[in-house]
Amino acid sequence: MRCARRPSRPPIFYWKPGTLRVLEALRSLRGDGVEAWATIDAGAHVHVICPPRAERDVVECLKRVSDVRGVLLDGVGEGRARLVREGLSRLAESSILERYV
């Protein structure tokens with residue numbers, strides 16, 4: 001999606017200088033041995049993926065980046081993902097189930 005906006009006239013760039021500063025800060029953090037990787041949504045928002053043991057280091061690192069307005073912590077649920085039987089009939093009717101199961 002980011003690449004599709006570059007050929008537009010004028011080009012549309014959602015990444016800001018702060019986006020790049022966050023990416024560089026994370027690269028430096030990884031150089032120090034902290035497991036932290038980034039992904040970016042359709043705009044300039046950076047999402048950092050790291051194990052729980054690295055959260056404190058990541059938050060402290062991001063707080064030092066002047067462009068960061070805030071840090072939200074989130075996590076994954078426990079156990080493996082599973083498909084719940086309720087609602088399967090609706091999925092089957094829409095044929096979505098065939099593509100994802």
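With which residue does E24 form a salt bridge, and how far apart are the closest N and O atoms? In this predicted model, the partner of E24 is R27, and the closest N and O atoms of the pair are 3.8 Å apart. Both residues belong to helix α2, where they are 3 residues apart, or about one turn of the helix. The two ends of the pair fall into separate accessibility classes: E24 is partly exposed at 44% relative accessibility, while R27, at 53%, counts as exposed. A look at the whole chain helps to place this pair before returning to the helix that carries it.

The chain contains 5 helices and 2 strands, arranged along the sequence in the pattern α-α-β-β-α-α-α. Of its 101 residues, 20% are buried. The chain exposes about 8500 Å², and carbon and sulfur atoms supply 54% of that area. Among contacts with a separation of 6 or more, 33% involve residues that are 24 or more positions apart.

Helix α2 deserves a closer look. It runs over residues 17-31, and its length can be checked against expectation. At 1.5 Å a residue, the 15 residues of α2 should span 21 Å. The end C-alpha atoms are indeed 21 Å apart, so the model agrees with the expected span. The buried residues of this helix are G18, T19, V22, A25, L26 and L29. Viewed down the axis of α2, these buried residues fall within an arc of 125 degrees, and they therefore line one face of the helix. The elements covering them include strand β1 (37-40), strand β2 (46-49) and helix α3. On the face of α2 turned away from the buried side sit the exposed residues P17, R27 and G31. R27 thus appears twice in this account, as an exposed residue on that face and as the salt-bridge partner of E24. Just after the helix, G33 takes a positive phi of about 95 degrees.

Salt bridges offer another way to read the model. Side chains of opposite charge can pair when their charged atoms come close. The structure holds 4 salt bridges, and the E24 pair with R27 is one of them. Another joins the side chains of R21 and D67, with an N to O distance of 2.5 Å. R21 lies in α2, whereas D67 lies in the loop between α3 (55-63) and α4 (88-94), so this pair ties together parts that are 46 residues apart in sequence. Both ends of this bridge have some access to the surroundings: R21 is partly exposed, with a relative accessible area of 42%, and D67 is also partly exposed, at 34% relative accessibility.

A further salt bridge is found in helix α3, between E60 and K63. The closest N and O atoms of this pair are 4.0 Å apart. E60 and K63 are 3 residues apart in α3, about one turn of the helix, and E24 and R27 are likewise 3 residues apart in α2. E60 counts as partly exposed at 39% relative accessibility, and K63 as exposed at 59%.

Taken together, these features give a picture centred on α2. One face of the helix is lined by buried residues, with β1, β2 and α3 among the elements that cover them. The helix also holds the E24 and R27 pair, and through R21 it is tied to D67 in the loop between α3 and α4.

Note on methods:
Residues are numbered from 1 along each chain as its sequence is written. This is a predicted model: local features need pLDDT of at least 70, side-chain atom pairs count only at pLDDT 80 or more; totals for chains, interfaces and linings use all residues. Side-chain values use heavy atoms; hydrogens and water are left out. Helices (H or I, at least four residues) and strands (E, at least two) are DSSP runs, numbered from the N terminus. Buried means under 20% relative accessible area, exposed over 50%, partly exposed in between (1.4 Å probe, protein chains only). Contact means heavy atoms within 4.5 Å. Accessible areas come from the Shrake-Rupley method with a 1.4 Å probe; for residues, only the protein chains shown count as cover. The expected span of a helix is 1.5 Å times one less than its number of residues. The arc is that of the directions from the helix axis to the C-beta atoms.
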